[in-house]
Each structure stands twice: as C-alpha cells, then as structure tokens.
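Student: I would like to go through this structure and ask what stands behind each label. Please set each value against its cut-off.

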Amino acid sequence: YTRGTVRAFSPFDARADAESLRKAMKGMGTDEETVLKILTSRNNAQRQEIASAFKTLFGRDLVDDLKSELTGKFETLMVSLMRPAYIFDAHALKHAIKGAGTNEKVLTEILASRTPAEVQKIKQVYLQEYEANLEDKITGETSGHFQRMLVVLLQANRDPDAGVDESLVEQDAQVLFRAGELKWGTDEEKFITILGTRSISHLRRVFDKYMTISGFQIEETIDRETSGDLEKLLLALVKCIRSVPAYFAETLYYSMKGAGTDDDTLIRVMVSRSEIDLLDIRQEFRKNFAKSLYQMIQKDTSGDYRKALLLLCGGDDE
C-alpha cells in the first residue's frame with residue numbers, strides 16, 4: 001500500500017514496452033511522447049524489467065539510448081526515472097559530494113527525510129555501486145556541527161516508535177530549552193543528540209512540550225540559535241519529524257517560487273516520492289500554498305518536461 005501517484009501498470013508487457021521505446025527512438029527524430037507516457041506510467045520495478053527486455057531484444061542499453069536521444073531537463077527526468085530508488089539516492093549523494101564544493105542542500109534533503117531503514121539501504125548500495133563508504137565521503141566534505149548531525153543521521157539508529165514516556169518528554173524539552181534559549185551561546189550537541197536519536201512520536205511530543213515550557217516553537221529557537229548549514233539541516237529534520245509530506249510540499253514550492261526554477265530539486269522530489277507519498281505531498285501543498293502542485297508545475301515548466309512532470313503528479317487538486 002502506498003500513497004504514491006505511480007503504481008504498477010496492468011496489464012504489463014515488458015517486451016511490448018521495450019519494442020515501443022525502441023521504435024520511438026529509432027531513426028530520425030524521437031517520439032518523446034511515447035517515451036514519457038511509458039516511463040511515467042510504469043513503476044520502477046517495471047521500468048527495470050523493460051530495460052532488461054530492451055537489452056535482450058536489441059542488445060542495447062535503454063539508459064544510454066535515452067541519454068543520446070533526449071536532451072536537457074527532459075533527459076534528466078527520464079534517466080532519473082530509470083534508476084532504482086536506492087541507487088537514485090546513492091547517486092544523488094555521490095554527486096552532492098563530488099568535486100569542487102559540496103551540495104549541502106541535497107545532503108540535507110535526503111538524510112533528513114529518509115527512514116533509518118532507507119538510510120541503511122542507501123549506505124549498502126553506495127558501497128556496492130561506488131566501492132566507497134558513504135559516511136567517510138560525507139565526513140571528508142563537511143565539518144563542524146553540520147557534519148556531526150549528518151553522522152548521527154547516517155548511523156540510522158533512531159529509537160523505534162514505542163509508547164511515549166511523558167517524563168522523558170519533559171526532560172528532553174527542558175534540556176533543549178536550557179541548551180538554547182536559556183544559555184549564552186548554544187549547546188548544539190544536545191540538539192544533535194536529541195533530534196537525531198529519539199523516536200518520531202517522542203519528538204512530536206517534545207516539540208509540543210517545548211512550546212509549553214518556552215513559549216516558542218522549536219523552529220523559532222533553531223532559527224535564532226543556529227545558522228548556516230546546521231540551521232537548515234535542523235529545520236529540515238524538525239519539519240520531517242512533524243510531517244515528511246509537508247516538508248516535501250514546501251521543498252517543491254520553493255523549487256518553483258519566484259524567478260527561475262530549481263529543476264534539480266523539482267526532479268529529485270517528484271521522482272523519489274512518486275511511489276511513496278506524492279498524494280500526501282499534493283494534499284499538503286494544496287493546503288499550505290493556496291494552489292495545487294499541478295497548477296504550479298504547469299505554470300513553471302514547459303514542453304515534454306512539463307508533460308512528464310504533470311503525469312507523475314497524477315492529477316490536479318482543485
């Protein structure tokens with residue numbers, strides 16, 4: 001059961017799809033419409049079967065063909081759809097820490113929003129694909145409290161959601177209050193440990209209790225007491241603890257708001273959440289931004305890229 005917009009397609013015929021794709025890309029010009037229709041309406045597991053049938057039938061690599069036949073953002077989107085989920089995340093992280101400058105935004109988005117089980121899987125896949133340890137790579141490219149918070153998240157040892165102990169909730173809320181608002185300077189370590197290791201249901205109660213004790217939302221305190229990459233990571237974490245779909249709705253909104261579009265983020269979120277919770281993200285988007293995700297994509301993008309994104313979006317929320 002999923003809250004994704006993309007489901008397994010039925011009746012599914014991998015060979016027929018492979019043949020249609022070959023025909024769409026063969027010879028002069030490409031029939032982009034066929035490519036985007038097939039790839040956005042099959043789930044990831046089915047896309048892998050299509051790629052395998054494509055190789056069997058034609059001795060060609062489907063992803064290589066997509067790369068040589070398509071261009072620009074549309075190409076990026078189609079190639080992204082062809083990556084299995086954990087490889088998708090591992091690949092995004094690899095590129096975020098590659099070469100000059102680190103893309104902290106990508107590290108923050110992925111590591112703040114993925115479940116501990118997903119993080120474990122990403123680490124395994126990273127090792128298989130790139131023969132490197134993800135944690136070593138990330139620590140090599142980051143520093144300070146930002147680095148420490150990432151390392152805690154990479155341990156993927158968050159407490160499982162069991163019953164909530166109110167006395168421990170009170171204790172954590174007091175510790176955070178003393179580490180931030182009541183202190184000259186901030187004890188970031190307390191924020192890192194509590195936000196990185198306590199269970200989700202416990203932390204939601206801690207945030208409520210924190211508000212009662214201090215008169216502030218925890219976000220306001222983080223905003224005042226921290227800065228830079230650490231602040232962004234802590235805020236993303238708090239938002240994801242409150243609601244992952246709301247976090248992604250906001251991420252999508254800001255990827256399109258104002259002049260220019262952050263297409264990398266738009267593609268990353270639409271692809272990575274399409275089989276998980278994009279229906280919930282759409283709901284949160286509509287609730288919080290007075291327009292639908294569909295309408296914003298329509299206004300902000302164009303061409304085959306737009307068509308494909310709208311199909312992934314899966315409908316408008318009036």
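Tutor: The model is a predicted one. A place to begin is aspartate 17, which is found in helix α1.

Student: Why is aspartate 17 called buried?

Tutor: Buried means under 20% relative accessible area. Aspartate 17 has 7% relative accessibility, so the residue counts as buried. Leaving aside neighbours within four places in sequence, aspartate 17 is in contact with Phe12, Ile38, Arg42 and Ile50.

Student: Arginine 15 lies in helix α1 as well. What makes arginine 15 partly exposed?

Tutor: The partly exposed class lies between the buried limit of 20% and the exposed limit of 50%. Arginine 15 has a relative accessible area of 47%, and therefore falls in that class.

Student: Which residues does arginine 15 touch, not counting those up to four places away in sequence?

Tutor: Arginine 15 touches Ala53 and Leu57. Its C-alpha atom is also separated by 8.6 Å from that of glutamate 49, with the two residues 34 apart along the chain.

Student: Now the helices themselves. How do you know that α1 is roughly antiparallel to α2?

Tutor: The axes of α1 (residues 14-25) and α2 (residues 32-41) cross at roughly 155° and come within 9 Å. Angles over 145 degrees count as roughly antiparallel, so α1 is roughly antiparallel to α2. The crossing of this pair is left-handed.

Student: Which residues of α1 and α2 meet?

Tutor: From α1 there are Asp17, Ser20, Leu21, Ala24 and Met25, and from α2 there are Thr34, Val35, Ile38 and Leu39. The contact divides into 6 nonpolar, 2 polar and 1 charged residues.

Student: What makes the charged count 1 in the contact of α1 with α2?

Tutor: Asp, Glu, Lys and Arg count as charged. Asp17 is among the residues in this contact, and the charged count is 1.

Student: Which residues of helix α4 are buried?

Tutor: In α4 (residues 62-69), the buried residues are Leu62, Asp65 and Leu66.

Student: How do you know on which side of α4 they lie?

Tutor: They cover an arc of only 100° around the axis, so they are on the same side of α4. The buried residues of α4 pack against α1, α2, α3 (44-58) and α5 (72-81).

Student: At what angle do the axes of α7 and α10 cross?

Tutor: The axes of α7 (residues 104-113) and α10 (residues 144-155) cross at roughly 35° and come within 10 Å. The crossing of α7 and α10 is left-handed.

Student: Which residues make that contact of α7 and α10?

Tutor: On the α7 side they are Glu104, Leu107, Thr108, Leu111 and Ala112; on the α10 side they are Phe146, Leu150, Leu153 and Leu154. By class, the contact has 7 nonpolar, 1 polar and 1 charged residues.

Student: What makes the phi of alanine 156 worth a remark?

Tutor: Most residues other than glycine have a negative phi. Alanine 156 is not a glycine, and its phi is positive, near 55°. Alanine 156 is found in the loop between α10 and α11.

Student: Where is alanine 290, and what is its phi?

Tutor: Alanine 290 lies in the loop between α18 (278-289) and α19 (293-300). Its phi is positive too, at about 55°, although the residue is not a glycine.

Student: Why is alanine 156 classed as buried, and why is alanine 290 classed as exposed?

Tutor: Alanine 156 has 11% relative accessibility, under the 20% limit, so it counts as buried. Alanine 290 has a relative accessible area of 70%, over the 50% limit, and is therefore exposed.

Student: What kind of peptide bond joins serine 10 and proline 11, and how do you know?

Tutor: The bond is cis, with omega about 0°. Most peptide bonds are trans. Proline 11 lies in the segment before α1.

Student: Last, helix α11. Why are glutamate 166 and arginine 178 called partly exposed?

Tutor: Glutamate 166 has 39% relative accessibility and arginine 178 has a relative accessible area of 48%. Partly exposed is the class between 20% and 50%, so the label applies to glutamate 166 and to arginine 178. Helix α11 spans residues 166-179 and holds arginine 178; glutamate 166 has its place in α11 as well.

Key: Residues are numbered from 1 along each chain as its sequence is written. This is a predicted model: local features need pLDDT of at least 70, side-chain atom pairs count only at pLDDT 80 or more; totals for chains, interfaces and linings use all residues. Side-chain values use heavy atoms; hydrogens and water are left out. Axes are lines fitted to C-alpha atoms, for helices over the stretch in contact, and angles run from 0 to 180 degrees between N-to-C directions. Helices (H or I, at least four residues) and strands (E, at least two) are DSSP runs, numbered from the N terminus. Angles under 35 degrees count as roughly parallel, over 145 as roughly antiparallel, 65 to 115 as roughly perpendicular and the rest as oblique. A crossing is left-handed if the near helix is turned anticlockwise from the far one by less than a right angle, and right-handed if clockwise. Contact means heavy atoms within 4.5 Å. Buried means under 20% relative accessible area, exposed over 50%, partly exposed in between (1.4 Å probe, protein chains only). The arc is that of the directions from the helix axis to the C-beta atoms.
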